Each structure stands twice: as C-alpha cells, then as structure tokens.
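Biologist: Please take a close look at how the charged side chains and the aromatic rings are placed, and say what pairs with what. Give the cut-off behind each term as you go.

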Amino acid sequence: QVQLVESGGGLVQAGDSLRLSCAASGRTFSSLAMGWFRQAPGKEREFVAAISWNGGNTLYADSVKGRFTISRDNAKSTLYLQMNSLKPDDTAVYYCAARGGTGLEYRILQYAYWGQGTQVTVSS
C-alpha cells in the first residue's frame, strides 16, 4: 500500500504562484511513477502532469505546459508541483497519484494510489 498526503493548496490571485507537495509512504518512493491530476466543480478529473521514477522524464497537459513544473525528491519521498502564472481556470482540487512502474502515464485508471486532494482557488 501507498499513502499519499497533499499539501500547499490555498486561495491566490491570478498571476500568483503556488507549490504543491505530496508526501508518500508505505513503499519505496523511487519504485513509483507519479502524477498530478485535478478536478474542478462539475467536471471530470483530468491529467495535469506526470514524472518518471527518477525524474528524468516529464509529461504535461497542454493547458499547463510552460506554467507548471512537476518534480520529485526521492530522498524525501516527496512529489512537487510548482504552479506559476495561475489562472482562474486552474481552480480545482489537486490530487497526486502513484503507480507501480517507471514510465510516464496520463490515464487516470493506470494509477492505483491517490491522495485526498488539496484545494487550489485562483481569483480573478
């Protein structure tokens, strides 16, 4: 089993930055590929970013490319999402997710473990 706990969400203004963190436990972090997803009110959960086991490869949704950066610190068993130039459309609950394996993955069903989510609200 893998336990994931997100933190770092909050209320910010458009153009501001936030950094989300996801602390993992229960399994060797470096054996997991990781991802960030988000779900806005009334919408389906959607892919945001993914990172390979060693951080060497990343993948982003077009909507966040160039503004968000996913990273990980395997020594600290922690995943990050640096979010810059935030827009009101980025308002959502953000979830980190983990899957066994090393490669990148954008499909929700490929992730076996999920955190409880952290709310990000961007005002205009």
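Modeller: Asp 90 is a good place to start: its relative accessible area is 1%, so Asp 90 is buried (buried is under 20% relative accessible area, exposed over 50%, partly exposed in between, with a 1.4 Å probe and protein chains only). This is a predicted model, in which local features need pLDDT of at least 70 and side-chain atom pairs pLDDT 80 or more, while totals for chains, interfaces and linings use all residues. Residues are numbered from 1 along each chain as its sequence is written, and side-chain values use heavy atoms, with hydrogens and water left out.

Asp 90 forms a salt bridge with the side chain of Arg 38, at 2.9 Å from N to O; the term stands for a side-chain nitrogen of Lys or Arg within 4 Å of a carboxyl oxygen of Asp or Glu. Arg 38 belongs to strand S4 (residues 32–39) and Asp 90 to the loop between strands S8 (78–83) and S9 (92–100), so the bridge ties together parts 52 residues apart in sequence. Strands here are DSSP runs of E with at least two residues, and helices are runs of H or I with at least four, numbered from the N terminus. Arg 38 is buried as well, at 6% relative accessibility.

The whole structure has five salt bridges. One of them joins Lys 65 to Asp 62, with 3.1 Å between N and O. Asp 62 is exposed, its relative accessibility being 65%. Another joins Arg 107 to Glu 105 at 2.7 Å, again N to O. In that pair Arg 107 is partly exposed at 44%, while Glu 105 has a relative accessible area of 7% and is buried. Through shared partners, salt bridges also connect Arg 38, Glu 46, Arg 67 and Asp 90 in one network.

Glu 6, in strand S1 (residues 3–7), is another case. Glu 6 is buried but has no salt bridge, and the nearest side chain of opposite charge is that of Arg 45, 7.4 Å away (Lys and Arg count as positive, Asp and Glu as negative; His and the chain ends are not counted). What the side chain of Glu 6 does reach is backbone: the nitrogen of Cys 96 at 2.8 Å, and the nitrogen of Gly 117 at 2.9 Å from one of its polar atoms. A polar contact is a pair of N or O atoms within 3.5 Å; within protein, one must be able to donate a hydrogen and the other to accept it, and residues adjacent in sequence count only if both atoms are side-chain atoms. Leaving aside residues up to four places away in sequence, Glu 6 also touches residues including Ser 21, Cys 22, Trp 36, Tyr 94 and Tyr 95, where contact means heavy atoms within 4.5 Å.

Arg 45 itself sits over rings. Arg 45 lies over the face of Tyr 95, 3.7 Å from the ring centre, and over the face of Trp 114, 4.9 Å from the ring centre. A charge counts as over a ring if NZ of Lys or CZ of Arg is within 6 Å of the ring centre and within 35 degrees of the ring normal.

Trp 114 leads on to the aromatic pairs, of which the whole structure has five. Rings of Phe, Tyr and Trp (its six-membered ring) pair if their centres lie within 6.5 Å; planes under 30 degrees apart are stacked, over 60 edge-to-face, and the rest tilted. Phe 37 and Tyr 111 have ring centres 5.1 Å apart and planes at 75°, so this pair is edge-to-face. Phe 37 is in strand S4 and Tyr 111 in the loop between S9 and strand S10 (113–114), so the two rings tie together parts 74 residues apart in sequence. Both Phe 37 and Tyr 111 are buried. Phe 37 also pairs with Trp 114, in a tilted arrangement with 5.0 Å between centres and 55° between planes. That pair links S4 to S10, across 77 residues. Phe 37 has 0% relative accessibility, whereas Trp 114, at 26%, is partly exposed. Ring pairs gather Phe 37, Phe 47, Tyr 106, Tyr 111 and Trp 114 into a cluster.
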